[in-house]
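Got the model open in your viewer? Here's a short walk through it, one selection at a time.

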Amino acid sequence: MNKLEQIYPQAVEHTKNKIEQDIDHYLETRPELPTFDQYVSDRKQYIEQIWVNVWLNKVTNDVPKSEKKQFLSEKGYEVHGIDRKLINKLFRDEMRTYQPFSAVEWLNETFAKHEEWEKRYQNAITNYIKREEQKKLEEQKQSFRREIEQEATSLIE
């Protein structure tokens with residue numbers, strides 16, 4: 001299954017990115033640094049589910065039908081004359097347990113050290129403040145444009 005071997009690292013990276021985005025979103029509005037364990041406790045269900053979602057979407061969309069059939073045949077399924085939806089369902093069911101990626105284990109290796117967690121918190125806060133300032137600036141620009149348009153309209157009339 002050459003395509004699975006190509007897709008797997010992409011799905012792992014995508015999962016890591018999704019978790020990092022979730023961490024940033026979790027941290028950015030906290031007035032104080034929550035513990036890493038608190039984050040894992042609060043978001044455990046999401047963390048455990050994200051790999052399955054990313055992986056299943058990736059393999060369902062990126063693996064060609066012929067490779068899905070070949071994989072299922074090797075697992076002992078009869079695939080000739082079977083509906084595409086059933087092939088996809090069987091394939092997804094098999095993929096749920098195919099080389100699972102432990103997101104919690106990766107998180108522990110990456111962020112369990114207090115320094116790394118604190119650094120992530122500081123970056124999340126900084127980025128959040130920048131985004132909020134940019135948002136305010138954009139709102140001010142929009143308001144200014146509306147005023148100009150209203151003034152121009154009244155002058156033209």
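Which residue forms a salt bridge with arginine 43? Select arginine 43 together with aspartate 22 and you have the pair, with the closest N and O atoms 2.7 Å apart. Keep in mind that you're looking at a predicted model.

**Stop 1: the arginine 43 pair**

Zoom out a little and colour the two helices involved. Arginine 43 sits in helix H2 (residues 36-62) and aspartate 22 in helix H1, so this pair links distant parts of the chain, 21 residues apart. Now switch on the surface. Aspartate 22 is buried, at 9% relative accessibility, while arginine 43 is partly exposed, with a relative accessible area of 25%. The structure holds nine salt bridges, and we'll visit a couple of others on the way.

**Stop 2: where H1 crosses H6**

Next, show helix H1 (residues 2-28) and helix H6 (residues 114-156) as cartoons. Their axes come within 8 Å and cross at roughly 75°. Angles of 65 to 115 degrees count as roughly perpendicular, and that makes H1 roughly perpendicular to H6.

Now turn on side chains at the crossing. On the H1 side, pick Glu20, Ile23, Asp24, Leu27 and Glu28. They meet Trp117, Arg120, Tyr121, Ala124, Ile125, Tyr128 and Arg131 in H6. Colour this contact by residue type and you'll get seven nonpolar residues, five charged and no polar.

**Stop 3: a salt bridge at the crossing**

Stay here and pick out arginine 120 and aspartate 24. Their side chains meet in a salt bridge, 2.8 Å from N to O. Arginine 120 lies in helix H6 and aspartate 24 in helix H1, so the pair ties together parts that are 96 residues apart in sequence. Which of the two is buried? Arginine 120 is, with a relative accessible area of 17%; aspartate 24 is partly exposed, at 23%.

**Stop 4: a pair within H2**

For a salt bridge inside one helix, select lysine 58 and aspartate 62. The N to O distance here is 2.9 Å. Both residues lie in helix H2, four residues apart, about one turn of the helix. Check the surface again: lysine 58 is partly exposed, with a relative accessible area of 24%, and aspartate 62 is partly exposed as well, at 28%.

**Stop 5: around H3**

Move on to helix H3 (residues 65-74) and highlight its buried residues: Glu67, Lys68, Phe71 and Leu72. Look down the helix axis. These residues cover an arc of only 135° around it, which puts them on the same side of H3. What covers them? Show H1, H2 and H4, which are included in that cover.

Spin to the face of H3 turned away from the buried side, and you'll find the exposed residues Ser66 and Glu74. Then step just past the end of H3 to glycine 76, which takes a positive phi of about 100°.

**Last stop: asparagine 88**

Finish by selecting asparagine 88 in helix H4 (residues 84-95). Asparagine 88 is buried, with a relative accessible area of 17%. Which residues is it in contact with, leaving aside its neighbours within four places in sequence? Light up Thr60 and Lys68. You've already met Lys68, one of the buried residues of H3.

Terms used:
Residues numbered from 1 in each chain as written. Predicted model: local features only at pLDDT ≥ 70, side-chain atom pairs only at ≥ 80, totals over all residues. Heavy atoms only, no water. Axes fitted to C-alpha atoms, helices over the stretch in contact; angles between N-to-C directions. Helix = DSSP H or I, 4+ residues; strand = E, 2+ residues; numbered from the N terminus. Parallel < 35°, antiparallel > 145°, perpendicular 65-115°, else oblique. Contact = heavy atoms within 4.5 Å. Nonpolar A, V, L, I, M, F, W, Y, C, P; charged D, E, K, R; others polar. Salt bridge = Lys/Arg side-chain N within 4 Å of Asp/Glu carboxyl O. Buried < 20%, exposed > 50% of the residue type's maximum accessible area, 1.4 Å probe, protein only. Arc of directions from axis to C-beta.
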